[in-house]
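Please look over the chain shown below. The report starts with model confidence, then turns to the fold, the cores and selected sites.

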Amino acid sequence: MRKVGVCAIAAALLIAMGGISEAQAAVISVNGNKVSCNTVEELKDKLQQMNGCDNIWELLSKLNCGNLPGVELPEGNKPGMPEVNIPNLPVVPELPEETPEVKPEVQDQAYAYGLRITELVNEHRAAAGLKPVKYSAKLSAAAQVRAVEIEKSFSHTRPDGRYFSTVFAEHGITYRYSGENIAWGQKSPEEVVTAWMNSAGHRANILNKNFTELGVGYRQNEKGVNYFTQLFIY
């Protein structure tokens, strides 16, 4: 692969010089080094007689261009010396005969919890004679950010001091009014929804007749502690 790649580069440069007359000196550039010989035809003939080359300087040596005007071989790169400053050609890996079977993705627990919490919220809304809220993937992405943030600052204020609603703009969400419920430590969707319903402020969000969309965030930290968030909008 090494010999073919270097020689192919030289051949391509020679072919590109077909318009030079035999009366002119043929000049090629190899890695920034200008190399001249008597005629293009001489270069072509000598190239055809070659059986391959180990490096650029060996190529020049076999072309007998080393003593012609315009050729300057650095002291450390005389014919027969190792090639320098010429990167190895990339090795293209062989493709496997068969594409490995892609295993089905494991359902994300945050997504599963989000659907279940939405279901439980809508059960409470139905019991109160209210219309259901729609689960929103975009809202849930924002709620997931908040689920991470409330571990650092368990508050409706974000760790950097901004109010929770600034997360909406970061996810391209427009709204007229919003609400947020947060919790930590509960073991399941059922337990956290029960805790929210037993709190007047959280219950007010769940049973707000104006809300139409819900996003849910869930995260479990390295200690096994669960964090839950709800984002409501209309």
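## Confidence

Over residues 1–35 pLDDT stays under 50, and the model has 57 contacts beyond four places in sequence for this stretch. This is a predicted model. A second stretch, residues 65–87, also keeps pLDDT under 50. For residues 65–87 the model has 41 contacts beyond four places in sequence.

The mean pLDDT of the protein chain is 73. Of its residues, 54% reach 70 or more. Among the elements, helix α1 (residues 2–15) has the lowest mean pLDDT, 32. Strand β3 (residues 134–135) has the highest, 98.

## Overall fold

The protein chain holds eight helices and six strands. Read from the N terminus, the elements follow the order α-β-β-α-α-α-β-α-α-β-α-α-β-β. The chain has 234 residues, and buried residues make up 37% of them. Take the contacts between residues at least 6 apart in sequence: 60% of these join residues at least 24 apart.

## The sheet

Four strands form an open sheet with mixed pairing. Their order is β3-β5-β6-β4. The edge strands, β3 and β4 (178–184), each pair on one side only.

Strand β6 runs antiparallel to β5, and eight bridges join the two. β6 also pairs with β4 in the antiparallel sense, over seven bridges. On the β4 side, Ser178 stands opposite Ile233 of β6, and Gly179 has Phe232 as its bridge partner. Phe232 is also the bridge partner of Leu214. The hairpin of β5 and β6 has five residues between the strands. Gly224 in this hairpin takes a positive phi near 85°.

## Strand β6

How many of the residues of β6 are buried? Eight of its eight residues are, and the strand is mostly covered. In a regular strand, side chains alternate between the two faces of the sheet. In β6, Asn226, Phe228, Gln230 and Phe232 point one way. Tyr227, Thr229, Leu231 and Ile233 point the other way. Both sets are buried.

## Nonpolar cores

The largest nonpolar core has 18 residues. Ile117, Val192, Val193, Trp196 and Phe228 have the most contacts inside it. Four elements give two or more residues to this core: α4 (109–127), α7 (189–197), β5 (213–220) and β6 (226–233). Helix α4 gives the most, with five residues. Another core, of nine residues, lies apart from the largest one. Its members include Leu139, Ala143, Ile173 and Ile233.

Which residues does Val192 contact, leaving aside its neighbours within four places in sequence? They are Ile117, Ala183, Gln186 and Phe228.

## Helix α4

Helix α4 has 19 residues. From its first C-alpha to its last the helix reaches 27 Å, close to the 27 Å expected at 1.5 Å a residue. At its N-terminal end Asp108 acts as a cap. A side-chain oxygen of Asp108 lies 3.0 Å from the backbone nitrogen of Ala110. After the helix comes Gly129, with a positive phi near 75°.

An α-helix has 3.6 residues a turn, so residues three or four places apart point the same way. In α4 the buried residues are Ala110, Tyr113, Gly114, Ile117, Thr118, Leu120, Val121, Asn122 and Arg125. The buried residues of α4 pack against three helices and three strands by name: α5 (137–152), α7, α8 (200–206), β3, β5 and β6.

## Two buried sites

Arg158 sits in the loop between α5 and α6 (166–170). Is Arg158 buried or exposed? Arg158 counts as buried because its relative accessibility is 4%, under the 20% cut-off. Beyond four places in sequence, Arg158 touches Val145, Arg146, Glu149, Tyr163, Phe164, Thr166, Val167 and Glu170.

Gly179 lies in strand β4. Gly179 counts as buried because its relative accessibility is 5%. Not counting residues up to four places away in sequence, Gly179 touches Phe164, Asn205, Phe211, Gln230, Leu231 and Phe232. Phe164 is 15 residues from Gly179 along the chain. The C-alpha atoms of these two residues are separated by 9.2 Å. Phe164 is also among the residues that Arg158 touches.

Notes
Residues are numbered from 1 along each chain as its sequence is written. This is a predicted model: local features need pLDDT of at least 70, side-chain atom pairs count only at pLDDT 80 or more; totals for chains, interfaces and linings use all residues. Side-chain values use heavy atoms; hydrogens and water are left out. pLDDT is the predictor's confidence in each residue, from 0 to 100. Contact means heavy atoms within 4.5 Å. A nonpolar core is a set of buried Ala, Val, Leu, Ile, Met, Phe, Trp, Tyr and Cys residues joined through side-chain atoms within 4.5 Å. Buried means under 20% relative accessible area, exposed over 50%, partly exposed in between (1.4 Å probe, protein chains only). The expected span of a helix is 1.5 Å times one less than its number of residues. A polar contact is a pair of N or O atoms within 3.5 Å; within protein, one must be able to donate a hydrogen and the other to accept it, and residues adjacent in sequence count only if both atoms are side-chain atoms. Two strands pair if DSSP finds at least two bridges between them.
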